[in-house]
Amino acid sequence: DAAVLAVVDGWFAAMRAKDRPAFVAVMHPDSTFFAMRQTDDGWTQVRRNRSELTEALLTRPGEIIERFIEIPTVLVHGPIATVWGRYDISIDGKRLHCGVDSFNLIKDGASWKIANASWTIEPEGCPK
C-alpha cells in the first residue's frame, strides 16, 4: 500500500514543483484522465491524455497544491491498485475546488505507474 500511495503523493509533489520529468515518470505513456465538473445542470466531462494533462497543469501560473483531505483508500491486488480519496486543490493558497480522486495504477516492471485517473471537480461544499 505504501509504495502505491507514494506514487500518487509523488505525482502531487511533482505538480507542486512543476517538475515535468518527475510528473511524467509516474504515469504510464498511454494513461488517460477524466475530470467530471459539477455544474448547475449536472456534470460535464473533460478527457485528457498524459501530454495534454501535463501541459494543462504544469504551465498554469502559480503554485498548485493538490492534497488528500482525508486518508485515502488504497487497494492492491497483484499488479493492479486503486487509490481513492477526497482532495482539495489550491493555487497560491486560494482553494479552487475539492472532490474525489480515483487513481488506477499498474505494476510496470518493478515500479507502479498511474494508468488512469478520474476526479470530480466540486466548487461548492468543500470542507473548511
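**Strand pairs and a nonpolar core**

Colleague: Which residue of β7 is the bridge partner of Thr32?
Modeller: In β7 the partner of Thr32 is Asn116. This is a predicted model, in which local features need pLDDT of at least 70, side-chain atom pairs count only at pLDDT 80 or more, and totals for chains, interfaces and linings use all residues. Residues are numbered from 1 along each chain as its sequence is written, and side-chain values use heavy atoms, with hydrogens and water left out.

Colleague: What makes β1 and β7 a pair of strands?
Modeller: Strands (DSSP runs of E, at least two residues, numbered from the N terminus) pair if DSSP finds at least two bridges between them. Seven bridges join β1 to β7, so these parallel strands pair.

Colleague: How do you know that β1 also pairs with β2?
Modeller: Eight bridges join β1 to β2 (residues 42–49), and the two run antiparallel, so the definition is met here too. One of the bridge partners is Gly42 in β2, set against Thr39, and a hairpin of two residues joins β1 to β2.

Colleague: Why are Trp11 and Phe103 said to belong to a nonpolar core?
Modeller: Such a core is a set of buried (under 20% relative accessible area, 1.4 Å probe, protein chains only) Ala, Val, Leu, Ile, Met, Phe, Trp, Tyr and Cys residues joined through side-chain atoms within 4.5 Å. The largest one has 30 residues, and Trp11 and Phe103 are among the five that touch the most other members, so both meet that definition. α1 (2–17) is one of the elements that supply at least two residues of this core, and with seven residues α1 gives the most.

Conventions:
Buried means under 20% relative accessible area, exposed over 50%, partly exposed in between (1.4 Å probe, protein chains only). Helices (H or I, at least four residues) and strands (E, at least two) are DSSP runs, numbered from the N terminus.
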